[in-house]
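Please read the following dialogue with the sequence and the model in view. Each exchange takes one kind of feature and shows how to read it.

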Amino acid sequence: MSTTTNDTEAGTDNASGSGPRGLGPAGWLRWAWRILTSMRTALILLFLLAVGAIPGSILPQNVVSVDQVNSYFQDHPDLAPWLDRLYLFDVFSSPWYAAIYLLLFVSLAGCVIPRAVAHARAIRARPVRTPRHLGRMPYAARFTTDAAPETVLDQARAVLKGYRTERYGDSVSAETGYLREAGNVLFHLALLGLLLALAAGAFFGYRGNLLLVEGDGFANTLPSYDAIYPGHWTDTDDLEPFTLHLDDFEATFIEEGNLSGQAESYVADVTYRESPEAEEGRHRLEVNHPLSVNGVQVYLLGHGYAPEFEVRNAEGEVVFDQAVPFIHRDTRSFTSDGVVKVPDTGGEELGFVGVFLPSAVETEGGELVSDFPDARDPRVTLEGYQGDLGLVDPQSVYQLRTTGMEPLGSSPVMEIGDTWELPDGAGSITFSGYREYVSLQTNRDGARLPALTAASLAVLGLVITLFVRPRRVWVRAERTGDGRTRVELAGLGKTEVAGNNAEFHELTTDLARRLRSGPGGTPPSPGPDEGSGPHSPTDPPESTTTRE
Amino acid sequence: MTYTLAGTVDETMASASDSLIIAMIVTYAAALFLFAIEAAYGRRTKLKAGRLMPVGAGAAEDGADDAIEVNVRTAEGEARASQSVLGTIALGVTGLGFAMGVAQIVTRGLAAGRWPWGNMFEFVVALCLVAVGGLLYASLRYQARFLGAFVLVPVLILLGIGVRWLYVDPGPLIPALHSYWVPIHVTAAILAGGAFMVSGAAGVTYLVSHRAEARRALGERVTGVAGRLPSPELLDRISHRFILFAFPLWTFGIIAGSIWADEAWGRFWGWDPKEVWSFISWVIYAAYLHARATGGWRGPKATWINVVGFATILFNFFAVNYMFSGLHSYA
Ligand code: HEM
């Protein structure tokens with residue numbers, strides 16, 4: 001297709017009569033367009049697309065994990081800023097990667113749209129006139145027969161099943177495989193559609209992360225999130241007003257054998273409302289079973305333990321009674337770290353750094369560790385601090401800023417129900433139990449279904465492109481001087497040669513055999529519309545032109 | 001929705017499966033040996049015209065009095081390949097190994113009580129099974145058993161790596177793999193990967209044969225396996241054939257994978273290293289198909305793209321699983 005547009009454009013170039021050197025701005029534009037929409041450029045852009053993706057897999061990416069990028073910055077303080085300047089931590093949203101795929105996008109559009117138009121016209125076209133010299137085709141066969149020319153041509157039509165045929169004088173011209181071009185156009189258009197859908201989804205959607213402790217609820221508003229990643233044009237003040245409540249969570253693990261400790265399943269039972277007025281619904285969230293609520297998907301990403309603490313101040317009043325989510329270090333032991341911050345004690349603020357062991361065991365060295373992810377024997381150890389938590393500045397809930405605080409020492413190893421009396425009568429802290437929490441992700445991406453549709457159409461178009469072989473066949477039958485008929489059959493395939501030639505050869509032998517089986521030929525062909533009944537080898541074709 | 005997990009592993013099945021894999025490797029090695037002898041010492045024999053074989057100019061059909069005279073305008077002569085009776089035996093032996101492979105996968109699945117391609121080891125074994133299946137298909141359908149040695153070498157290497165370094169006992173799966181999209185996605189990847197492997201092997205064979213032809217054109221004598229290979233055109237067609245099969249499947253596999261990712265991780269595409277590399281492979285094979293339709297790129301250049309494409313598949317499998325930390329918990 002690029003060749004057809006090229007031809008016409010080259011023509012106009014000459015007609016415009018621009019000088020030998022100076023093409024003029026319009027000429028340059030045409031020239032650039034022609035280069036951009038050529039196959040060769042498409043090929044190079046495809047390579048660039050592949051090569052450009054490589055750093056995106058080798059270096060940590062912000063889209064995948066901000067933490068990994070941060071730790072890369074820490075490990076390579078000199079190199080990282082330079083890489084960052086080249087957008088190498090954001091390859092897939094970088095200007096240079098965007099340049100590659102936008103050029104490909106334009107090239108694709110410039111390629112495929114004219115091609116779609118051309119194909120729309122070609123689709124109704126009749127098979128081309130029979131060329132004069134069939135012997136020049138990639139495949140050409142000839143033989144003579146006693147059958148009359150009319151019989152030969154009728155038989156040829158019967159042999160050319162699935163071809164669109166047209167009679168031209170002493171010959172039949174046949175063509176098949178129009179679908180290939182349609183499939184190819186469909187495939188490329190679907191790719192364009194896919195890109196558009198992805199872009200739209202990225203601009204209007206959002207993704208958010210949150211933790212939810214058993215028994216707690218969540219309302220879909222901006223402040224409820226731990227982190228949220230909105231698209232450029234997402235209105236984060238107007239999120240879907242759904243609410244969610246975590247009723248129960250249960251993780252099961254393989255108990256024995258060498259896979260012991262590997263997770264078997266996670267199940268979270270939630271109740272939700274699409275909006276405050278809507279009816280309550282129930283859903284069982286599992287790893288591959290997200291909840292779809294008000295156009296937003298809610299996913300279960302992970303889980304953890306939230307030990308519960310009760311803190312009393314020096315006067316013995318309860319000033320804190322909460323479950324505090326801890327972060328696990330690994331999934332085999334679920335040894336988890338967390339921080340308890342108690343600002344309102346009536347006196348000095350209190351802070352604790354804690355370690356939670358779900359299945360505590362003592363090693364031979366006397367060290368206490370967790371040997372299983374499930375809570376078989378939960379223990380907590382704490383380090384206490386007293387002073388100023390520094391909460392006026394924003395800070396992470398998982399870190400304690402101890403600069404303005406005095407250490408209070410370490411707690412003993414605590415079982416559920418144990419209380420640690422803080423030194424100097426500063427109060428007490430009780431490990432009163434634990435709850436489990438889940439980490440959830442919400443995602444609104446309007447592109448999901450359009451993208452899936454486009455991708456499926458692309459596969460369909462692809463299969464058609466790759467498996468339909470367009471080809472043309474001509475059969476000519478001429479009387480020779482001695483009263484016999486000379487038959488010529490020629491074939492031209494647009495794709496691979498050998499397979500087509502084998503098929504053309506089959507057509508020839510098929511035709512020759514049919515003509516041989518009825519010496520003197522089959523009955524003279526009836527009118528075009530008389531054919532009826534099932535096709536026997538001698539049946540005439542059903543109409544002058546047959547369609548695929 | 002989820003797979004029920006057989007808590008216990010069927011030990012008889014597990015050990016049957018482990019014995020079968022060793023027997024299979026030995027069988028393939030024997031077949032490789034026979035194929036290699038055929039390739040090096042067989043007689044160059046004309047192949048029948050067929051689906052991928054060119055119709056020669058002399059393909060006259062002798063009828064009573066209406067002989068067909070055929071005129072074919074292709075540069076390519078008739079297909080010839082080195083053949084000997086050992087090759088027929090090798091094919092039978094390969095078929096035996098293939099049957100063992102099927103039995104091995106079935107017993108392993110029974111042992112673990114789930115679909116049997118749930119970890120790296122199982123994936124490699126299945127990939128090789130598909131490649132050998134592709135070889136058998138090509139041999140029967142396209143008379144292409146001259147690919148035997150070229151396909152069995154990578155198969156044996158991969159199986160060796162699998163048994164030596166990737167082996168794990170059969171057992172249940174982690175929760176992220178409890179989705180019916182996983183078997184669909186992984187099956188597509190395995191089928192496509194196996195076909196890409198056959199295509200890559202045919203591509204390498206093509207490159208060897210292409211060089212041999214170029215040297216012959218310079219008047220050099222080409223001996224050994226290289227001198228007895230079929231024409232590069234034929235090898236190119238076979239290589240292309242397998243990509244025609246594999247590329248749409250790979251595309252479908254990526255789509256199935258993103259549906260699963262959407263269910264499991266809350267996004268259908270997140271540029272995780274594994275995703276990046278399957279995308280790279282996809283783009284490279286698309287480039288291969290384009291190259292075949294671009295002037296000046298057909299032939300060795302396009303074939304090199306094909307070989308690079310298979311290299312990216314292997315890289316995705318080995319390097320990405322071990323070098324980069326991603327969400328794909330397959331390893
Ligand atoms: C995302 C980028 C693209 C992909 C993945 C892609 C993929 C493909 C595939 C798989 C085929 C089938 C090849 C075959 O028939 O064997 C094809 C054919 C084709 N593509 Fe693309 N393509 C892309 C972009 C483009 C662009 C930018 C152009 C225009 C310059 C283009 C022009 C063509 C043409 C003309 C064909 C037909 C080749 C033939 O007749 O055999 N494609 N493409």
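**Reading a two-chain model**

Q: Where is Gln143(B) found?

A: Gln143(B) is found in the loop between H3 and H4 of chain B. Helices (H or I, at least four residues) and strands (E, at least two) are DSSP runs, numbered from the N terminus. This is a predicted model, in which local features need pLDDT of at least 70 and side-chain atom pairs count only at pLDDT 80 or more, while totals for chains, interfaces and linings use all residues. Residues are numbered from 1 along each chain as its sequence is written, chains are lettered from A and ligands numbered from 1 in the order in which they are written, and side-chain values use heavy atoms, with hydrogens and water left out.

Q: What is notable about the phi angle of Gln143(B)?

A: The phi of Gln143(B) is positive, at about 55°, although the residue is not a glycine. Chain A offers another case: Asn294(A), also not a glycine, has a positive phi of about 55°. Asn294(A) sits in the loop between strand S10 (291-293) and strand S11 (296-312) of chain A.

Q: How many helices and strands does chain B contain?

A: Chain B has 9 helices and 3 strands. Read from the N terminus on, its elements follow the order α-β-β-β-α-α-α-α-α-α-α-α.

Q: What share of the residues in chain B is buried?

A: A residue is called buried under 20% relative accessible area, exposed over 50%, and partly exposed in between (1.4 Å probe, protein chains only). Of the 331 residues in chain B, 60% are buried. Asn294(A) in the other chain counts as partly exposed, because its relative accessibility is 29%.

Q: Which domains does the assignment give for chain A?

A: Domain bounds come from an automatic or database domain assignment. For chain A, that assignment gives domain 1 (29-120), domain 2 (135-177 + 470-545) and domain 3 (206-444). The C-alpha centre of domain 1 of chain A lies 40 Å from that of domain 3 of chain A.

Q: How many salt bridges are there over all chains?

A: A salt bridge is a side-chain nitrogen of Lys or Arg within 4 Å of a carboxyl oxygen of Asp or Glu. By this rule, the count is 29 salt bridges over all chains. One of them joins the side chains of Arg329(A) and Asp337(A), with N and O 2.8 Å apart. Arg329(A) is exposed, because its relative accessible area is 51%. Asp337(A) has a relative accessible area of 29% and is therefore partly exposed.

Q: Which residue of chain B meets Arg448(A) in a salt bridge?

A: The partner is Asp262(B), at 2.5 Å from N to O. This pair crosses between chains: Arg448(A) belongs to helix H9 (residues 448-467) of chain A, and Asp262(B) to helix H7 (residues 232-265) of chain B. Arg448(A) counts as partly exposed because its relative accessibility is 23%. Asp262(B) has a relative accessible area of 9%, so this residue is buried.

Q: Which residue forms a salt bridge with Glu38(B)?

A: Glu38(B) pairs with Arg145(B), and their closest N and O atoms are 2.5 Å apart. Glu38(B) lies in helix H1 (residues 11-41) of chain B and Arg145(B) in the loop between helix H3 (120-142) and helix H4 (148-166) of chain B, so the pair ties together parts that are 107 residues apart in sequence. Are these two residues buried or exposed? Both Glu38(B) and Arg145(B) are buried. Salt bridges may also share partners: in this way Asp216(A), Glu308(A) and Arg435(A) are joined into one network.

Q: How many residues lie between positions in sequence, and what is their separation in space, for Gly346(A) and Asn313(A)?

A: Gly346(A) and Asn313(A) are 33 residues apart along the chain, and their C-alpha atoms are separated by 7.4 Å. Gly346(A) is placed in the loop between strand S14 (336-342) and strand S15 (349-357) of chain A. This glycine counts as exposed because its relative accessibility is 85%.

Q: What are the corresponding values for Val397(A) and Ser93(A)?

A: Val397(A) and Ser93(A) are 304 residues apart in sequence, and the distance from C-alpha to C-alpha is 30 Å. Val397(A) lies in the loop between strand S18 (379-387) and strand S19 (405-410) of chain A. With a relative accessibility of 54%, Val397(A) therefore counts as exposed.
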